[in-house]
Amino acid sequence: MSAVAPTVPAVSGPFRLSFPRSLRSEWIKLTTLRSTWWSIAITAALTIGIAVLIAFAMSSSAGPQAGALNGIMAVVMPIQFTALLAGILGAIAVTGEYSTGMIRSTLTADPRRGRVLVAKAVVLALFLFLASLAMFVIAAVIVSAILGGHGQALEWGAPDKVLLPLLSAAATMAVCALIGVSFGFLLRSGAGAIAATVGLLFVLPIMSNFFAFAGESWKWVLDAANYLPLSAAQNAILPSDTSSLSGGVAFLTLGAWVAAGLLGSWVVLRSRDA
């Protein structure tokens, strides 16, 4: 006589998996890593330190070039270096899960891979935006104090001259973090994702400058380089009549980089094993 296994009644808990809970999970994973806070500390030191050094150089300069730069330029100039750190942080936030195998637990807990991708992207972007905005505001306050005695203090009452550049710079840091996230999902290798991020954000703009001496037949390379992330970011942060891209086109370019990267990540994440 064969034994019949007892029926175990289904237990329904009070909690259901939802997007806000996925966000909370990703927030906990990001903020409990020491590497996250080390990256933020290094980024803050570079952002504020370089801005202060530029401000002191501006305050001690003399002659007709003394007022060529305004204070807000000193504040946002470090982004050419700190954006790399934002991109690297985005990359290791993803590849760290692959290297430790945690990604399998993440996808088991939430089988909807698109939701996992969106949750991680939203958390990284929000975290970098808020952290970067705090850094830029602190740098702006210090720079304004340094330049105030020389008649070059920041015009806090003019949003287009201070507030909007600070918000745009913080948004650029979030964009660079999302580019790192995209490479992390696409390559699943820490070294590969970091190398690709550094190549796109830093190496390609430098290489494009080599073609400035190649004549008109290679001018298309310089024109294409204007649509690289950091080149577009410079035009978005401080737009002017002489910029290679208008402010609107620059923001659309940054959005296109994010959309293309996340779309590619979504396709790859859905089509292969963790």
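This report describes the fold, the confidence and selected packing details of a predicted protein model.

**Overall fold and confidence**

The protein has 274 residues, of which 42% count as buried. It contains 11 helices and zero strands, so its pattern along the sequence is helical throughout, α-α-α-α-α-α-α-α-α-α-α. The C-alpha trace spans about 105 × 45 × 30 Å along its principal axes. Among contacts in the protein with a separation of 6 or more, 76% are between residues 24 or more positions apart.

The average pLDDT of the protein is 87, and 91% of the residues score at least 70. Of the elements, helix α7 (residues 163-187) has the highest mean pLDDT, 95, and helix α9 (residues 219-225) the lowest, 87. Two stretches of low confidence are listed below.

| Stretch | pLDDT | Contacts beyond four places in sequence |
|---|---|---|
| Residues 7-11 | under 50 | zero contacts |
| Residues 62-68 | under 50 | four contacts |

Where pLDDT is low, the predicted coordinates should not be read in detail.

**Packing of α4 against α7**

The axes of helix α4 (residues 79-100) and helix α7 come within 7 Å and cross at roughly 35°. The crossing of α4 and α7 is right-handed. On the α4 side, the contact is made by Ile 79, Thr 82, Ala 83, Ala 86, Gly 87, Gly 90, Ala 91, Val 94, Thr 95 and Tyr 98. On the α7 side, the contact is made by Ala 169, Thr 172, Met 173, Cys 176, Ala 177, Gly 180, Val 181, Gly 184 and Phe 185. By class, the residues of this contact of α4 with α7 comprise 12 nonpolar, seven polar and no charged. Gly is counted here as polar.

**Burial of α10**

Which residues of helix α10 are buried? The helix covers residues 229-237 and is mostly covered, with eight of its nine residues buried. These are Pro 229, Leu 230, Ser 231, Ala 232, Ala 233, Asn 235, Ala 236 and Ile 237. The elements that cover the buried residues of α10 include α3 (71-76), α4, α7, α8 (190-209), α9 and α11 (247-271). Helices α4 and α7, described above as a crossing pair, are thus both named in the cover of α10.

**Aromatic pairs**

The structure holds five aromatic pairs. One of them joins Trp 37 and Phe 127 in an edge-to-face arrangement, with 5.5 Å centre to centre and 80° between the planes. Trp 37 lies in helix α2 (residues 34-60) and Phe 127 in helix α6 (residues 113-148), so this pair ties together parts that are 90 residues apart in sequence. As to accessibility, Trp 37 counts as partly exposed because its relative accessibility is 44%, whereas Phe 127 counts as buried at 6%. Ring pairs also bring in Trp 27, which forms a cluster with Trp 37 and Phe 127.

**Ser 144 in α6**

Helix α6 also contains Ser 144. Is Ser 144 buried or exposed? Ser 144 has a relative accessible area of 10% and is therefore buried, the cut-off being under 20%. Apart from neighbours within four places in sequence, Ser 144 is in contact with Ala 153, Leu 154 and Trp 156.

Conventions
Residues numbered from 1 in each chain as written. Predicted model: local features only at pLDDT ≥ 70, side-chain atom pairs only at ≥ 80, totals over all residues. Heavy atoms only, no water. pLDDT = per-residue confidence, 0-100. Helix = DSSP H or I, 4+ residues; strand = E, 2+ residues; numbered from the N terminus. Contact = heavy atoms within 4.5 Å. Phe/Tyr/Trp six-rings, centres within 6.5 Å; stacked < 30°, edge-to-face > 60°. Buried < 20%, exposed > 50% of the residue type's maximum accessible area, 1.4 Å probe, protein only. Axes fitted to C-alpha atoms, helices over the stretch in contact; angles between N-to-C directions. Left-handed = near helix turned anticlockwise from the far one by under 90°.
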